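Grab a pencil and work through these exercises one at a time. Try each task yourself before you read its solution.

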Amino acid sequence: MTTIVPLTRTGVITVASVPANHVYVRHLTSPDGDDGVRRLADPRPCGAPSDQSVWWPPVMLDPEWIERHHAEFDVFHLHFGFDAQSVENLAGVVRSLREHGKPLVQTVHDLRNPHHGDRAAHDAHLDILVPAADHLVTLTPGAAAVIAQRWGRAAQVLPHPHVVDLAGLETPRAARDEVVVGAHLKSLRANMSCLPVLDILATAIAAMPGVVLRVDVHTEVLDRGSRHHDAGLVAWLEKASQRGRLRLEVHDFFTDEQLWSYLRDEIDVSVLPYRFGTHSGWLEACHDLGTTVVAPDCGFYAQQRPCLTYGHDEQHGLDAASLTAAVTAATGQRRSRWQAVRAERRAERVAVAAAHRVAYMRVLS
């Protein structure tokens with residue numbers, strides 16, 4: 001194997017980023033391309049398709065990979081992908097990095113994993129990683145406060161960069177006579193409380209002239225052989241659609257361009273039916289494209305980007321009155337509209353890239 005010598009001495013910092021090809025991580029690089037940071041490409045998992053965008057499961061998150069490749073990077077930066085790891089493996093990753101003098105940077109995206117109904121596994125992972133990290137980053141002051149309270153660690157707060165490519169921020173939104181409120185259920189993540197939210201939405205919107213409820217769901221939810229199938233929800237959706245309470249759209253996963261079109265051209269408001277969570281890339285895409293978001297008050301969505309909120313969390317449940325009020329405000333004639341400005345998003349990305357380079361330099365000093 002050819003050893004790649006780290007490039008710190010030339011001013012370029014080489015980062016083993018887990019992952020590298022997630023849109024969040026790609027947009028940590030300055031759009032000018034001169035931020036002095038090089039991120040290693042994601043190694044293709046054994047058995048994965050040849051498409052280099054595939055990074056799951058992350059090959060780098062393995063003590064043996066670090067043992068073989070530690071000479072090729074300066075800093076190890078963990079973002080996503082440790083969901084399925086054992087505590088023992090993550091502890092081994094930390095030990096291997098220490099043995100080879102490689103600093104660990106972690107961005108705490110999720111304090112509560114949206115894919116886990118039980119929080120215990122994610123908490124155990126964070127209990128290994130957060131105390132061990134040489135530098136912590138998170139996206140909101142609220143998340144930083146929780147990190148300080150739970151682990152006594154300070155986390156640098158840096159905004160989530162744009163999700164939609166900068167050029168796409170200038171595409172005008174489609175004009176419509178009706179207002180479309182969208183609830184995209186995807187493949188029914190563990191943090192979604194679909195039926196209670198939908199029932200309130202359908203009832204509220206039925207009393208709003210010129211407002212339509214659109215519900216999207218992935219095809220596998222209707223497939224009785226899929227682990228994502230929910231017979232009760234499917235029956236409710238089909239009945240509500242037949243009665244004209246909503247427009248039901250069933251399809252496979254959107255490509256990025258299909259998702260941008262959906263958010264920009266097909267809906268005006270996006271309701272997030274979450275009962276737990278922390279931050280949201282979906283919210284960022286809505287902000288990029290000018291789609292109003294109605295988000296729960298769990299997590300720190302309202303600190304992340306401007307949005308309307310309603311009461312919904314694991315402790316207190318769903319507050320119907322606040323959801324109805326938020327949707328009414330989102331669809332009214334004086335409704336608030338928030339949309340990213342390309343120049344501001346670009347400047348923000350440049351600043352975020354510079355902040356990451358400074359953080360890497362500090363852990364290397």
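The radius of gyration is taken here over C-alpha atoms, and the rule for a globule is 2.2 Å times the number of residues to the power 0.38. Keep in mind that this is a predicted model.

**Exercise 1.** Work out why the radius of gyration of the protein chain agrees with a compact globule.

*Solution.* Start with the chain length, which is 365 residues. For that length, a compact globule would have a radius of gyration near 21 Å. The protein chain has 22 Å, so the value agrees with the rule. You can also picture the box that the C-alpha atoms fill: roughly 65 × 45 × 45 Å along the principal axes.

**Exercise 2.** Find out what share of the residues is buried, and how much area the chain exposes.

*Solution.* Buried means under 20% relative accessible area. With that cut-off, 53% of the 365 residues are buried. Now turn to the outside: the chain exposes about 16,100 Å², and 51% of it comes from carbon and sulfur atoms.

**Exercise 3.** Track down the largest nonpolar core and say which helix gives the most to it.

*Solution.* First, the general idea: in soluble globular proteins, nonpolar side chains tend to be buried together. The largest nonpolar core here has 57 residues, and Leu323 is one of those with the most contacts inside it. Helix α6, residues 194-206, gives the most to this core, with eight residues. Next, zoom in on Leu323: its contacts include Val197, Ile200, Leu201 and Val271. Finally, look for another core apart from this one; that core has 30 residues, among them Leu78 and Phe82.

Notes
Residues are numbered from 1 along each chain as its sequence is written. This is a predicted model: local features need pLDDT of at least 70, side-chain atom pairs count only at pLDDT 80 or more; totals for chains, interfaces and linings use all residues. Side-chain values use heavy atoms; hydrogens and water are left out. Buried means under 20% relative accessible area, exposed over 50%, partly exposed in between (1.4 Å probe, protein chains only). Accessible areas come from the Shrake-Rupley method with a 1.4 Å probe; for residues, only the protein chains shown count as cover. A nonpolar core is a set of buried Ala, Val, Leu, Ile, Met, Phe, Trp, Tyr and Cys residues joined through side-chain atoms within 4.5 Å. Helices (H or I, at least four residues) and strands (E, at least two) are DSSP runs, numbered from the N terminus. Contact means heavy atoms within 4.5 Å. Lists of a residue's contacts leave out its neighbours within four places in sequence.
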